[in-house]
Structure formats: structure tokens, C-alpha cells
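The following exercises are to be worked with the sequence and the structure side by side. Each task is followed by a solution in steps.

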Amino acid sequence: MMPAQNSLTSMRSQKLALILMFASGFASLGYQIVWTQQAALWLGHEAAAVLAVVAAFFAGLGVGALLLGERISRSANAARWYAGCEIAIGVWSLALSVLLAPVTAALLDLIGPQPSPLRHWALAFCGTFMLLLPATAPMGATLPAMQRLVARLHRQGSSVAALYAGNTFGAVVGVLAAAFVLVPQWGLSRTAGLCAALNLLCAVATLALMRGPADPLMKLDATRAPLPRASASLWLLAATGLLGIGFEVVVVRVLAQVAQDTVYTFALLLAAYLLGSAMGAAAYARWPSGGADRRSDALLRALALTCLSGMLVLSRAPGLQAAVQSVLGAGMAQALLAEAALAAAAFLPATFVMGALFSHLSTLAISRSIPLGRVLGANTLGAALAPLLFGVWLIPAIGTRTSLALLAAGYLLLSTRAAWKAPAQYLSAAAVIGASWLVPSLAIVDVPENGRIVRYAEGVMAAVSVVEDGDGVATLHIDNRQQEGSSATVFADARQALLPLLLHPQPRRALFLGLGTGVTAAAAAQDPGLAVDAVELLPEVIAASALFREQLAGAGANPRLHLLAGDARRYVRTTPQHYDLIVADNFHPARSGSGSLYTVEHFAAVRERLAPGGLFCQWLPLHQLDLDTLRSIVRSFLAVYPDGSAMLATNSLITPAIGLVGRRDAARFKPSEVRDRIAGANLLHAPAEFGLPDEVAVLGSFTAGPQALARFAGDAALNTDDHPVVAYRAPRITYVAASSPADRLLAFSQAVALAPGDVLDSSTDPAFAARIAAYWLARDRYLVAGRKVTPVADPRQMIEQVGGPLLAVLRTSADFRPAYDPLLQMAAMLAAVDVASARTLLMQLKAVAPDRPEAAQLLERMASSAGD
């Protein structure tokens with residue numbers, strides 16, 4: 001073959017190699033997105049899954065590079081090696097679709113319902129590593145195989161940089177495509193199937209287009225004895241791998257307190273990290289060679305300084321994101337761009353240098369006759385330690401700011417002795433020390449004016465804080481986002497326990513999934529005949545909840561309330577206990593894997609934990625849900641509880657919560673049993689204090705029956721473990737609220753209907769059935785009237801605005817106390833400024849609700865005061 005033809009063939013081989021590495025990188029990070037979400041299903045939290053999968057990913061790459069890299073470097077059949085690795089990756093990913101369910105079930109059994117932290121993290125990291133190893137090990141051998149295959153690139157020192165850049169650019173596209181297109185449309189298994197097809201296509205293309213004689217130079221290089229400095233090079237590669245992924249872990253934890261912490265947030269953060277690495281490697285491939293040690297020291301120094309720049313960005317992250325958002329405007333795309341800009345500002349400077357440093361150290365090691373397999377193995381095994389070291393140990397122990405300072409110092413300490421003879425090295429060290437003192441805390445908590453932080457704890461999976469405003473109202477925050485409930489919402493929180501509790505005729509054991517402020521579970525535990533287990537994933541939330549539970553039940557532990565640190569999904573799958581009542585918290589569906597608590601599989605697991613006659617209530621935060629997402633959740637619930645119904649926790653138009661209610665035996669409710677439960681309730685606070693004085697108020701909370709719910713859900717997509725539509729749909733309203741909670745509640749109420757036979761037992765007295773039907777109608781009219789109310793201070797103006805509508809509601813149902821009580825309060829206020837108008841209003845109340853004594857009693861007091 002002529003020289004020109006050889007050159008042309010070499011160029012084509014280079015281009016094909018880059019295309020193949022791009023496709024392989026696309027598939028690998030597509031798998032990482034899929035595996036992270038699958039791991040979250042049994043590890044319980046997306047943050048835990050990220051740590052475990054990242055560690056398993058890099059550990060597998062390291063094992064594969066070390067075990068296979070040197071054999072590949074001595075092989076004359078690099079094309080077969082590369083194709084074999086791609087086939088192994090694709091085949092195992094397909095096998096996982098079959099094996100995942102039984103394997104993760106076995107892992108769940110090993111972890112158990114309440115593992116110790118040591119047991120939990122040991123099994124999380126080791127189990128995930130073993131599960132993914134058959135795919136990640138061959139992934140670790142693909143770069144050595146491709147570098148061996150493209151002989152001319154090997155003779156050029158920049159070969160690793162070019163191939164690594166191509167592979168990492170593919171990874172960037174794979175992350176974004178999986179998170180924004182493939183998984184939302186196709187689900188996890190089909191996305192993994194597409195990635196497997198790419199692996200197999202890479203194998204076929206390699207065997208068909210890149211087969212040829214081995215390059216003798218490569219055999220010579222592979223057999224050359226390593227130079228004395230080889231060991232130091234490998235240790236340096238391992239240390240930089242550890243620090244590089246440590247930087248990723250710490251930055252992601254900080255930005256979780258600023259960004260929305262959705263599936264899209266994680267994808268954008270990962271893409272920004274990879275993009276910087278790819279750009280750095282691509283730039284290095286074009287840099288002239290020379291000055292190996294000086295360049296290493298310069299890059300390490302630059303990394304220390306860019307870590308500090310990342311620290312500065314993080315300390316100003318809320319303001320930076322708000323500034324970008326104000327420029328871009330409103331909209332989901334704009335909000336995601338703002339998150340992407342923040343991720344780029346935090347990650348790109350440091351990761352650009354990381355990509356260049358890895359390429360340089362790899363090229364330097366190869367020049368010292370160290371096989372590329374050892375190079376990759378050392379770097380990735382070091383990286384595999386970072387999630388455990390930084391995520392599980394250092395961040396909870398010393399915080400994120402000190403962890404970042406240690407990272408910057410670590411890069412400086414890796415420099416050669418010669419570097420410390422240069423003034424720039426000491427200036428860099430001074431910058432690291434100064435930043436660790438001068439940069440504000442990276443514990444980001446929004447504190448209202450005149451407010452204060454009552455409690456702050458940095459945990460393994462999240463930062464938990466209690467914030468008090470100027471009026472003394474305390475709220476619970478996880479990663480700087482307020483959770484359900486506060487010290488001002490005890491009434492609503494307690495109702496979420498009492499409503500399902502009073503619907504069960506004789507509960508003896510109850511399970512609460514999710515703790516929040518703890519008020520809901522504590523309200524149920526007031527029942528002297530009820531043992532309550534409350535499962536909460538974050539130990540820091542359990543500790544913080546004591547501040548809120550004391551407000552309801554006073555100081556001191558309640559022996560009937562058992563707070564269990566564990567994952568809700570895992571608990572219901574592994575506990576042998578059965579419960580008369582299970583109540584699930586209104587988890588924000590867009591946050592950190594919470595969508596998996598609304599899947600068909602989870603609802604079915606809960607059903608298995610119900611005792612005969614048991615009742616399950618799943619609360620849904622309609623103020624955090626759009627109607628399309630709600631339809632998917634409702635349809636998923638009905639798939640397990642076809643006779644399910646819906647109720648309202650309160651009549652709030654600001655934070656409406658809907659409860660989906662299902663029974664194991666699909667029985668209807670008997671008013672007499674509810675009446676007896678209320679009468680026999682021996683609670684610290686009587687149900688009447690929470691607006692539940694009788695069976696009418698309890699059963700009146702229902703708003704939809706099974707047929708109406710089925711019509712409302714229609715053909716909405718089921719939310720399943722494999723196709724987590726809620727996790728991808730719910731963020732839309734989180735980023736941009738297209739409607740108000742009141743609008744969504746009214747739209748839901750108008751879309752459903754309820755007849756007494758939908759929820760009441762067939763033996764129900766017809767008169768009571770008519771009475772409850774009137775209550776439901778009054779409630780719906782009350783909600784419509786409330787939508788038009790504008791708060792005013794003057795009671796006369798308020799009466800003019802709402803008096804007529806509320807009296808009309810009472811004429812529909814005199815039992816509807818949410819309309820009666822406000823009118824009574826307004827009459828009392830009006831008596832101080834307009835006695836005649838107050839007397840007129842009270843007379844109207846007596847007429848529409850003659851069985852209620854309060855209006856007559858107030859009239860008597862007014863008459864007595866006038867007589868005095």
C-alpha cells in the first residue's frame with residue numbers, strides 16, 4: 001500500500017475509533033443513569049444510590065483495567081478484545097433486566113428493615129459493586145483495547161487524551177439523552193436495551209471495519225521493563241482519581257441545597273462534570289509535549305486554585321442562580337438552564353484541569369512503560385474510594401467547606417519537591433489556607449427576616465435544619481427545602497392521622513411511612529390502644545422532629561410511638577409485621593427519588609403488610625402536583641386498590657392534600673362504627689379539637705369514589721419501578737407553576753363525583769346517606785366560595801364578601817361546620833363595632849342551623865352585656 005493510502009487508512013481508523021468511543025461512552029453513562037434509579041429503589045434514597053453506583057462504577061472499571069489491560073496490550077487481536085468487551089457489557093445489561101428483581105430482593109433481605117449504618121453502607125457499596133461488575137469490568141478494558149487497536153495513535157503521546165475525550169463527550173450526551181428523553185419516554189429497561197444495542201453495534205463495527213495486523217511496536221512497548229518511577233506515577237494517578245471524584249461528591253451535595261434536586265438536576269450536574277473533563281482532555285491532545293514534571297506541578301497547582309474558585313461559586317450559589325434566572329425569565333427550560341449555568345460555574349474550571357491532568361499523567365506513565373490498564377486501574381480504583389470517604393465519612397464529620405479545602409490542599413501536597421521551590425506554590429498554599437477561613441459556610445439555609453436557625457445537621461444523605469421566623473413559627477427543612485408541616489400547622493398535620501385512624505373500627509397497630517415534623521404520627525400515638533411505628537429515612541429528621549412533637553404531646557417520650565430509622569420501601573418489603581393502619585406521608589414527588597413511593601409495586605407491597613380489614617391512606621400534596629401527575633398516581637393506586645376512594649385532609653386552598661384510601665378487603669365504611677370510634681377515643685386532644693366531632697365530619701372528608709377516580713385517571717401512564725413517569729413529570733410544576741393549588745383542587749373536585757354508596761356500607765340508613773350527600777355538596781360549594789375571598793381586616797367588609805356564600809353553604813348542609821364557625825367568629829368580632837349587624841347574622845345562623853347552640857349562646861351574652 002502506498003504511503004498516502006496508509007495515511008488515509010490511519011485517519012479513517014482514528015475517526016472510527018473516536019466514533020466508537022463516543023458511542024461506548026454514551027451507553028456507559030446511559031447505564032449509570034438507569035442503574036442509579038434502579039439502585040435507589042432498594043437503597044431508599046437517590047443520594048445513597050448515587051454514592052453506591054459511582055463507587056461501584058469506578059471500582060468495576062479499575063478491576064477490568066487491571067485484570068484485562070495488560071493481556072490486551074500483549075495481544076495481537078485487539079479488535080476481538082474490544083468487541084468482546086462491548087458484547088459483555090451489552091449482554092450483562094440485558095441480563096440485569098431479568099435478574100434485577102430477584103437479586104435486589106435478596107439484597108433487601110440481607111439489609112433488613114432496620115440495618116445498622118455499617119451494615120447498610122457495606123451492603124449498599126458491596127452489593128451494588130457485585131451487581132454491576134460483569135458490565136463495569138469490561139468497560140474498564142475498552143480504552144486499553146481501543147488504544148492498542150489504533151497503533152498510530154499509540155505512537156503519538158496524545159492518543160489516550162483523544163480517545164478519553166471522545167469517550168467522555170459521548171458520556172455527556174448519554175447522560176442528557178437518558179435523563180431528558182429516553183427514560184421519560186421508554187422507561188429504565190428499554191433505555192438499558194438501547195444502550196446494549198449500541199454496545200453490540202460497536203462490537204460489530206469493530207470486527208467488520210477495524211480488523212488488521214497487530215503493530216509490532218505495541219508488543220515492544222508492552223514488554224519493556226517499567227522505569228523506577230512507575231510506582232510513584234500509579235500512586236499519583238490513584239490520588240488524583242480520589243480527589244477528582246471527591247470534588248464531584250462535595251459539589252453535588254452543596255448544590256443540592258440550591259437547585260431543585262430533581263432527576264434533571266442530577267443529570268445536569270453530572271453532564272457539567274463530564275463536559276469539563278472531556279474539554280480538558282481534548283485540549284491536552286493538542287498541546288505540545290515536554291516538561292513532564294513541571295507540567296504536572298502546574299496542573300496540580302491549577303487544580304488547587306480551581307477548587308477554591310468552585311468554593312467561591314458555591315458560597316454565592318443562591319444569588320448566582322437567581323441572577324441567571326432573572327435574565328432568562330420564567331419557564332421550565334429557563335429554570336433548567338439556570339441550574340446548568342450554576343453547575344458549569346462550579347464544575348467546569350476544575351474539571352477542565354482534571355481532564356488535562358489525567359491525560360498528562362496517563363501519557364507520562366505510558367512513556368515510562370506502564371501499561372494503560374494499570375494507569376486506568378490505579379486512577380479508577382482511587383476514584384472508587386471517594387464516595388465512601390467523602391460522602392459517608394468526611395462531609396457529615398467536618399462539613400462541605402472544610403472538605404473542599406482539604407481537596408485543594410491535597411492537590412498541592414501531590415506536587416513534586418521541585419514545585420515547593422517556586423513562589424507560585426506558596427501563593428497557592430496561602431490561597432487555600434485563606435479560603436478555608438474567609439469563604440462563608442457552605443451550609444446554605446434560607447432564613448427569613450428576623451428569623452434564626454434553631455438546628456442544623458449535615459447527614460450522609462442530606463442536610464436537615466429547623467428554621468424559626470420572626471413570629472416564632474418553626475419549619476423543618478431538608479437540603480434547604482421546607483417539608484410538609486410546621487409548628488403552625490399542627491391542626492392539619494394531626495388530621496392526616498386522625499381521619500384514617502377514625503375510619504378503622506378497631507386499630508391496634510399502625511405504620512407511618514415518613515415522619516416529617518412527627519406531628520402526624522404523634523397524634524395517632526395518643527390513642528392508648530394503638531402501637532405506632534414511624535419509619536423515616538434520615539436520622540437527622542428523627543432528631544429534629546422532637547421540637548415539633550413536643551408542641552402536640554408535650555415533652556417526654558411516648559412509649560407507644562416507635563421511631564425507626566430506615567427506608568419506607570425497604571421496610572414494607574422486609575418487615576414481617578402486619579398493620580391495621582398504614583399512613584404514607586405526602587412526599588414531594590419531584591424530590592430525590594420520592595416518585596418511587598407512588599409506584600404500583602410499592603402500593604402492592606403496602607397491601608401485603610395490611611392485616612385483615614386493614615386500611616391504607618396515601619396523602620398527596622396537591623400544591624406540589626400537577627393534575628397529569630396526579631392522574632398517573634391515582635391510576636397506579638387503583639391498579640392495586642380498585643375500590644379506592646379519595647378524601648381531603650382539610651379544606652385549605654393554599655396547601656390542599658388529597659388522601660387516597662384503600663382497604664385490604666375492599667369493604668365500605670359503616671357510620672355506626674365511625675361514631676363508636678369517635679365516642680370511644682381516649683386522646684390527649686379530642687377529635688373535635690381538630691374539626692372532627694362526629695361521623696358526619698369524618699365521612700364528609702371523602703371527595704371521590706372508585707368510579708369517579710377511574711374516570712379522572714383515564715388512560716394516564718402507570719407509575720412503575722421500571723417506568724417512573726412521576727419522577728419525570730412532577731418537576732414541571734416544581735420549576736414553573738402553571739396554576740395555583742386552589743385552581744388544581746377545584747379542577748379535581750369538579751372532575752370527580754361521589755355517591756353515598758361509593759364509600760358507605762349498604763346497611764347505611766337512607767336518612768344519613770342523604771345527610772352526608774348534602775355535606776359533600778356543601779363542601780364543594782364552600783371551596784368555590786373560598787376561591788373568591790380576599791382577606792380584609794374589617795369584619796363588616798368580610799361579612800359583605802363571604803356572609804351570603806357561607807350562609808348558602810349552611811342552607812345546603814347545617815352540619816358543615818367549616819362554614820358555621822367562621823360566621824360565628826365574624827359575628828363575635830362584629831359585635832364590638834356593629835351590634836345590630838352582629839345580631840342579624842346570629843339570627844340567620846340560628847335559622848339555618850337550629851340544632852347548633854353557639855349562635856343562641858352568643859346572642860344571650862350580647863343581650864346580657866347590653867343589659868349591664
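**Exercise 1. The second largest cavity**

Which helices each supply at least two residues of the lining of the second largest cavity? The model is a predicted one, and the solution should be read accordingly.

Solution. Step 1: the elements that meet this condition are α2, α9 and α10. Step 2: α2 gives the most to this lining, with 5 residues. Step 3: the space in the second largest cavity amounts to about 320 Å³. Step 4: 21 residues line the second largest cavity, and those closest to its centre are A47, V50, V252, R253 and F266. Step 5: by class, this lining divides into 11 nonpolar, 5 polar and 5 charged residues.

**Exercise 2. The largest cavity**

State how many cavities of 30 Å³ or more a search of the whole structure finds, and describe the lining of the largest cavity by element and by class.

Solution. Step 1: the search finds 9 cavities of 30 Å³ or more. Step 2: the largest cavity holds about 780 Å³ of space. Step 3: its lining is made of 39 residues, with F58, L61, Y164, T168 and T380 closest to the centre. Step 4: two or more lining residues come from each of α1 (3-43), α2 (46-73), α4 (117-149), α6 (159-186), α9 (230-255), α10 (263-285), α13 (332-367) and α14 (372-413). Step 5: the largest share, 6 residues, is that of α1. Step 6: the lining of the largest cavity has 23 nonpolar, 15 polar and 1 charged residues.

**Exercise 3. The second largest pocket**

Determine which element gives the largest share of the lining of the second largest pocket, and give the make-up of that lining by class.

Solution. Step 1: the second largest pocket has a volume of about 800 Å³. Step 2: of its 44 lining residues, Q483, F587, H588, R591 and S594 lie nearest the centre. Step 3: at least two lining residues each are supplied by β3 (474-478), β4 (481-486), β6 (531-536), α19 (568-574), α26 (731-735) and α27 (741-751). Step 4: β4 has the largest share, with 4 residues. Step 5: the lining of this pocket has 15 nonpolar, 18 polar and 11 charged residues.

**Exercise 4. Cysteines and disulfides**

Explain why C202 is not bonded to the closest cysteine sulfur, and state whether C195 and C202 are buried or exposed.

Solution. Step 1: a disulfide is a covalent bond between the sulfur atoms of two cysteines. Step 2: the cut-off for counting such a pair is a sulfur-to-sulfur distance within 2.5 Å. Step 3: the closest cysteine sulfur to that of C202 belongs to C195 and is 11 Å away, so the distance is too far for a bond. Step 4: the count of disulfides comes to 0. C195 accordingly is in no disulfide. Step 5: a residue is buried when its relative accessible area is under 20%. Step 6: C195, at 1%, is therefore buried, and C202, at 3%, is buried also.

**Exercise 5. Helix α32**

Compare the expected span of helix α32 with the distance between its end C-alpha atoms, and locate the buried residues around the axis.

Solution. Step 1: helix α32 has 14 residues (835-848), which at 1.5 Å a residue should span 20 Å. Step 2: the end C-alpha atoms are 20 Å apart, in agreement with that value. Step 3: the buried residues of α32 are A838, L841, L842, L845 and V848. Step 4: because these residues cover an arc of only 130 degrees around the axis, they lie on the same side of α32. Step 5: an α-helix has 3.6 residues a turn, so residues three or four places apart point the same way.

**Exercise 6. Four loop and helix positions**

For S369, A666, S75 and S864, give the place in the structure.

Solution. Step 1: S369 lies in the loop between α13 and α14. S369 is not a glycine, yet has a positive phi of about 65 degrees, and with a relative accessible area of 7% is buried. Step 2: A666 lies in the loop between β11 (657-663) and α22 (671-680). A666, also not a glycine, has a positive phi of about 60 degrees, and at 31% is partly exposed. Step 3: S75 lies in the loop between α2 and α3 (78-111), and is buried at 11% relative accessibility. The C-alpha atoms of S75 and A145, 70 residues apart along the chain, are separated by 9.3 Å. Step 4: S864 lies in helix α33 (residues 854-867), and is partly exposed at 43%. S864 and D794 are 70 residues apart in sequence and 25 Å apart in space, C-alpha to C-alpha.

Definitions and conventions: Residues numbered from 1 in each chain as written. Predicted model: local features only at pLDDT ≥ 70, side-chain atom pairs only at ≥ 80, totals over all residues. Heavy atoms only, no water. Buried < 20%, exposed > 50% of the residue type's maximum accessible area, 1.4 Å probe, protein only. Expected span 1.5 Å × (residues − 1). Arc of directions from axis to C-beta. 1 Å grid on protein atoms, 1.4 Å probe; cavity = no way out; pocket = protein on both sides within 12 Å on 5 of 7 lines; lining within 4 Å. Points joined across faces, edges and corners; volume = space filled by probe spheres on them. Nonpolar A, V, L, I, M, F, W, Y, C, P; charged D, E, K, R; others polar.
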